[in-house]
Amino acid sequence: MPIFRRPMLALAAIALAVLFAGAMLFHDTEKAVPLDAGVRSQEEQAVTVYVSGAVMKPGVVSMRRTERVEQALAACGGVLPQADLANVNLAQPLKDGMQIRVPERADAGGSAAHLAETDGKIHINTADEKKLDELPGVGPIMAKRIVEYRNEHGPFESVEDLAKIRGIGEEKLAKIREKAEL
């Protein structure tokens, strides 16, 4: 090998090493990870709360941490007419795992049991299973189905909506219609 080729190879090797080192400096081999990666801001974090009592659709709902009791009630379809909101802090911030209980008011003619029946007719949107069991053709199992349907889908818009429940046909609905109201 000629003598001038050796310095050229050495120079070429040094140039390659410099290029490689420069490429390594400018090329980030690790992906940049923001400091808050995997951690959502407090506004975006979800909380799970249980809403029960005098609301349209009681149950467990997921909400943003920054929301208040008022928004949780709205997420459950709102409150029933007999709800007593004087004892509920609508401005309270939500906390994960909390229960929000909306009581029924006892005024306007009596207790919640009274609201379930007037003029001998049973209110299908407010009556409990025991009261619904008093309807003609409705036993404990059917009464439970009515309450479950109401809790899942909200209040009935008409007595005829009872036909949406498994086991209530036109004949049974005709019997129920005489003693039921909204």
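A student and a tutor talk through a predicted model.

Student: What kind of model is this, and how are residues numbered?
Tutor: It is a predicted model, where local features need pLDDT of at least 70, side-chain atom pairs count only at pLDDT 80 or more, and totals for chains, interfaces and linings use all residues. Residues are numbered from 1 along each chain as its sequence is written, and side-chain values use heavy atoms, with hydrogens and water left out.

Student: How many helices and strands are there in the protein chain?
Tutor: Six helices and six strands. Helices (H or I, at least four residues) and strands (E, at least two) are DSSP runs, numbered from the N terminus.

Student: What pattern do they follow along the sequence?
Tutor: The protein chain reads α-β-β-α-β-α-β-β-α-α-α-β.

Student: What share of the residues counts as buried?
Tutor: 27% of the 182 residues in the protein chain. Buried means under 20% relative accessible area, exposed means over 50%, and partly exposed is in between (1.4 Å probe, protein chains only). The areas come from the Shrake-Rupley method with a 1.4 Å probe, and for residues only the protein chains shown count as cover.

Student: Salt bridges next. How many does the structure hold?
Tutor: Five. The criterion is a side-chain nitrogen of Lys or Arg within 4 Å of a carboxyl oxygen of Asp or Glu.

Student: Which residue does Glu67 pair with?
Tutor: Arg64. The closest N and O atoms of Glu67 and Arg64 are 3.8 Å apart.

Student: Are those two buried or exposed?
Tutor: Glu67 counts as buried because its relative accessibility is 15%. Arg64 is at 48%, so Arg64 counts as partly exposed.

Student: What about Glu160? Which side chain does Glu160 meet?
Tutor: Glu160 meets Arg177 in a salt bridge, 2.8 Å from N to O. That pair links distant parts of the chain, 17 residues apart. Glu160 sits in the loop between α5 (140-153) and α6 (170-179), while Arg177 is in helix α6.

Student: How accessible are Glu160 and Arg177?
Tutor: Glu160 has a relative accessible area of 39%, so Glu160 is partly exposed. Arg177 has 30%, and is therefore partly exposed.

Student: Which residues are linked with Arg177 in a network?
Tutor: Glu160 and Glu170 are linked with Arg177 in a network of salt bridges. Glu170 forms a salt bridge with Arg177, with the closest N and O atoms 3.5 Å apart. Glu170 counts as exposed because its relative accessibility is 55%.

Student: Switching to surface charge. Which residues gather in a patch of negative charge?
Tutor: Asp128, Glu129, Asp133, Glu148 and Glu152. Patches are made of residues with over 30% relative accessible area and no salt bridge; like charges are joined within 9 Å, and nonpolar side chains (Val, Leu, Ile, Met, Phe, Trp, Tyr) within 5 Å. Lys and Arg count as positive, Asp and Glu as negative; His and the chain ends are not counted. The place of a charge is NZ of Lys, CZ of Arg, CG of Asp or CD of Glu.

Student: Where is Glu129 found?
Tutor: In helix α4, residues 129-132. Its relative accessible area is 36%, so Glu129 is partly exposed.

Student: And aromatics? How many pairs?
Tutor: One aromatic pair. Tyr149 and Phe156 are stacked, 5.6 Å centre to centre with 5° between the planes. Rings of Phe, Tyr and Trp (its six-membered ring) pair if their centres lie within 6.5 Å; planes under 30 degrees apart count as stacked, over 60 as edge-to-face and the rest as tilted.

Student: Are Tyr149 and Phe156 buried or exposed?
Tutor: Both are buried.

Student: Now contacts along the chain. What is the C-alpha separation of Asn151 and Pro58?
Tutor: 6.3 Å, with their positions 93 residues apart along the chain counted as the gap. Asn151 lies in helix α5. Asn151 is partly exposed because its relative accessible area is 34%.

Student: Where does Gly53 lie?
Tutor: In strand β1, residues 46-53. The C-alpha atoms of Gly53 and Ala83 are separated by 8.2 Å, and the two are 30 residues apart along the chain.

Student: Last ones, Ile168 and Lys179. Where are they?
Tutor: Ile168 is in the loop between α5 and α6, and Lys179 is in helix α6. Ile168 has a relative accessible area of 5%, so Ile168 is buried. Lys179 is at 32%, so Lys179 counts as partly exposed. The C-alpha atoms of Lys179 and Ile124, 55 residues apart along the chain, are separated by 9.8 Å.
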